[in-house]
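Open the model in your viewer and keep the selection box handy. We will go from one stop to the next, and at each one I will say what to look for.

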Amino acid sequence: QVHLVESGGGLVQTGGSLTLSCAASGGTFNRYNMGWFRQAPGKEREFVAAMRWSIENTYYANSVKGRFTISRDNAKNSVYLQMNSLKPEDTAVYYCAASRWVVTGTQYEYWGQGTQVTVSS
């Protein structure tokens, strides 16, 4: 059982930056693919970014490519999402997720509780 806790959300102005963190416990972190997802009010949860356990590949949604960067520190059992040039449409609850097999799909086995990101215009 993997337990995930996100932090770092908050209120930021358009064009600003935030870094989300996700701390994992309870599993062999360096064997899990890690992903970030988000869900805006009235919308379905959507993929944002992911990184394989081997750190060889990263994946991004087109809407965040070039603005967001996913990274992980296996020694600290943590994954991060650096978000730059934020836009109001980035406003959502952001979730961290872990999976042994899935990378860009939504069928991750483990999810955090989410952290709110609000971008004001």
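Select C22 to begin: in this predicted model, C22 has a relative accessible area of 1% and is therefore buried, the cut-off being under 20%.

Now add C96 to the selection. C96 is buried as well, at 0% relative accessibility. Show the sulfur atoms, and you will find a disulfide joining C22 to C96, with an S to S distance of 2.1 Å. The count for the model comes to one disulfide. Check the dihedral if you like: the angle about the S-S bond is -75 degrees, which makes the link of C22 and C96 left-handed. What does this link tie together? C22 lies in strand β3 and C96 in strand β9 (residues 92–99), so the pair connects parts that are 74 residues apart in sequence.

Next, select strand β3, residues 18–25, and show its side chains. They alternate along the strand. L18, L20, C22 and A24 point to one face and are buried. T19, S21, A23 and S25 point to the other face and are not buried.

Keep β3 on screen and bring in its neighbours. Strand β1 (residues 3–7) runs antiparallel to β3, joined to it by five bridges. Pick L4 here, and you will see that L4 stands opposite A24 of β3.

For the last stop, select strand β8, residues 78–83. Six bridges link β8 with β3, and these two strands also run antiparallel. Which residue of β8 is the bridge partner of L20? Select L81: that is the partner of L20.

Note on methods. Residues numbered from 1 in each chain as written. Predicted model: local features only at pLDDT ≥ 70, side-chain atom pairs only at ≥ 80, totals over all residues. Heavy atoms only, no water. Buried < 20%, exposed > 50% of the residue type's maximum accessible area, 1.4 Å probe, protein only. Helix = DSSP H or I, 4+ residues; strand = E, 2+ residues; numbered from the N terminus. Pairing = 2+ DSSP bridges. Disulfide = S-S within 2.5 Å.
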